[in-house]
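Please open the model in your viewer and set the display to cartoon, with each chain in its own colour. The stops below are meant to be followed in order.

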Amino acid sequence: MKERNPRQNYLGARGWLWGGNYKLERYLYLLHRVTGLGLILFVMIHLIVTTIFRIQGQDIWEAAMALLSNPWFKVGEYLVVLAFVYHGLNGLRLTIQELGLAMGKPIPPVYPWKDALRKQRPITTVILAIIVILGVIFLFSYLQGGR
Amino acid sequence: MEKNTKQITFRILRYDPEENSPPHFQEYIVPASHGTTVLDGLFYIKENLDGTLTFRSSCRMAICGSCGVLVNNYPHLACHTQIEEFHSSKLTIKPLPNMAVLKDLVVDLTLMFNNHKSVKPYIIRDDIGELARPTREFAQKPQELNEFLQFTYCIKCGICVAACPTSASDKAFLGPQALAQCYHYCADSRDGGEPERFTVVSAEHGLWHCHLAGACSEACPKGVDPALAIQLLKGRLVARALGLGKRQQPSAIVPPQTEIKPKVPVPEFNIKNVKKGK
Amino acid sequence: MRDTYLRIWQLFTGVAVAVLLGIHIVMLHLTRLFGANAADLTSWESMLDRARQGALATVYIALLAFGLYHGLYGLRGIILELSPSHTTIRVINWVFIILGIIVFIGGTYVPIALLSS
């Protein structure tokens, strides 16, 4: 008998992005990762500005602030704030659910069943609504302040 | 009565390890009517169109867990899935992802079974003598049974592992099936093996690589809800690490009956009475 | 059990960062809604004013510590899920610990130095 070569069929990191026609919560997890990575990137740049630039005196600080008042940077800042709002609130939802506190009890799986995560949809919807509302508030703040 | 038969195109991803060609799609036309399952379609192809098509099946009633496949990019049990429910005349059938493909639609479930074994999926108690030679049953209330009954319905089909995004990239991840079964045994009131299993699941590539995407519970064909089991297991692990909550002792054996009362007064049987015709 | 303790810290620092960073963002972005001008908030004098307040310096140092732990643990989790080899995992663990300590020391030096400016 010839040696069999099983074909490796792992989706890899691409499987995080899309693995099939799954429901909302899988994409909330993906967005949580993306916002987390975005925030790490921003924090690195922000730390450089608030430490190295801040300690070198008024001229360098004001030059940095002048550069950052460019409208494109404002858009970027707003996106960072939005990312934090999403990551924080979704993280709070995940913290409660991952500790098994809000997931409910096991039920006999009588068709048509709803799994625990789908039963928590009301909580998820409320958290997403809060995220959207805060996003709109911050948008107004940015547009008004002009910063 | 003539059934309303439609011609459905099955587009199947073929792979033969003995050929050196890459995987390729092959199309077949299958007649399907109300009640025809995807597995019926696969058998029709194998019997009438292409005998080389390879797939697993056994019970054809969603209890053996053999026939997991990806239909239109969503994992299903082929025997349990009606062709009609897709409302389409074209079905794309691929083997389950996140597992090595042996041939056509047959995947290698060995890794999943090894992960399952590593969480010690059996009752662990101190009284080994009683386990080896049981004298009586263990006392368990119906409420205690309901705490883990849902997770006992797992048929080890591998669909949850195929759905899990962490299993897609992390080959050493235990997988939702093994983790849910770990909780199943930890939550069983007859079991005392929590410390042993916790060292396995709280290791690297264990429980904490689950991020509650919930795809496993969504796709599970038996409603086992592995995501719920894993989050409850996380709660237990955190409670244990922080020293919160009291650990319950495994349930004892039922005490022996002290009195046996007959329900109905029944006369004693005497063979001599039977022979004499009384 | 070590991974469980690391994860418990992740949850705790997550909540802490959510609160502290929330304060930071409301202070710097939502005050505009109440009439404060953007240019005022980032001017040198306003920045020095805030830098001299001990409470804010404490908030920033705490935010840096918790944020660094939370972010580096999360990043480590993502890298571990890509199935690196054992040696790579050990290297990553040490690199992140050392990086975290260096950035924390560098990041706390400035608020403390500016306290007495």
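The tour begins inside chain B and then moves outward to the contacts between chains. Please keep in mind throughout that this is a predicted model.

**Stop 1: the two domains of chain B**

Select residues 6–107 of chain B, which the domain assignment gives as domain 1, and then residues 110–242, given as domain 2. The C-alpha centres of domain 1 and domain 2 of chain B lie 30 Å apart. How many residues of each domain are in contact with the other? Domain 1 of chain B contributes 13 residues and domain 2 of chain B contributes 13 residues. On the side of domain 1 of chain B that touches domain 2 of chain B, 9 residues are nonpolar and 4 are polar, with no charged residue.

**Stop 2: strands of chain B**

Select strand E3, residues 68–71 of chain B, together with E4(B), residues 74–77. E3(B) and E4(B) are antiparallel and are paired through 4 bridges. To find one of these pairings, display Leu70(B), whose bridge partner in E4(B) is Pro75(B). The two strands make a hairpin with 2 residues between them. In the turn, select Asn72(B), which has a positive phi of about 50 degrees.

Now add strand E5, residues 90–94 of chain B. E3(B) also pairs with E5(B), again in the antiparallel sense, over 2 bridges. Here Val71(B) has Ile93(B) as its bridge partner in E5(B).

Next, add strand E1, residues 6–14 of chain B. Does E1(B) run parallel or antiparallel to E5(B)? The two strands run parallel and are joined by 4 bridges. Display Thr9(B) and Lys90(B) to see a pair of bridge partners, the latter residue lying in E5(B). While side chains are displayed, recall that in a regular strand they alternate between the two faces of the sheet.

**Stop 3: a helix pair in chain B**

Select helix H2, residues 110–118 of chain B, and helix H7, residues 175–187 of chain B. Their axes come within 9 Å and cross at roughly 20 degrees. Angles under 35 degrees count as roughly parallel, and H2(B) and H7(B) are therefore described as roughly parallel to each other. The crossing of H2(B) and H7(B) is right-handed.

To view the contact, display Met112(B), Asn115(B), His116(B) and Ser118(B) from H2(B), which meet Gly175(B), Gln177(B), Ala178(B) and Gln181(B) from H7(B). Of the residues in this contact, 6 are polar and 2 nonpolar, and none is charged.

**Stop 4: chain B against chain A**

Show chains A and B together. The contact brings 45 residues of chain B to 36 residues of chain A. On chain B, select E4(B), strand E6 (101–103), helix H6 (165–169), helix H9 (215–219) and helix H10 (226–242); each supplies at least two residues of the side that touches chain A. Which element of chain B gives the largest share of that side? The answer is H10(B), with 7 residues. The side of chain B that touches chain A comprises 26 nonpolar, 11 polar and 8 charged residues.

**Stop 5: chain A against chain C**

Finally, show chains A and C. This contact takes 25 residues from each of chain A and chain C. On chain A, select helices H2 (24–55), H3 (58–68), H4 (71–98) and H6 (121–145), the elements that give two or more residues to the side touching chain C. H2(A) gives the most to this side, with 8 residues. The side of chain A that touches chain C divides into 11 nonpolar, 10 polar and 4 charged residues.

Notes: Residues numbered from 1 in each chain as written. Chains lettered and ligands numbered in written order. Predicted model: local features only at pLDDT ≥ 70, side-chain atom pairs only at ≥ 80, totals over all residues. Contact = placed C-beta atoms within 7 Å. Nonpolar A, V, L, I, M, F, W, Y, C, P; charged D, E, K, R; others polar. Pairing = 2+ DSSP bridges. Domains from an automatic or database assignment. Axes fitted to C-alpha atoms, helices over the stretch in contact; angles between N-to-C directions. Parallel < 35°, antiparallel > 145°, perpendicular 65-115°, else oblique. Left-handed = near helix turned anticlockwise from the far one by under 90°.
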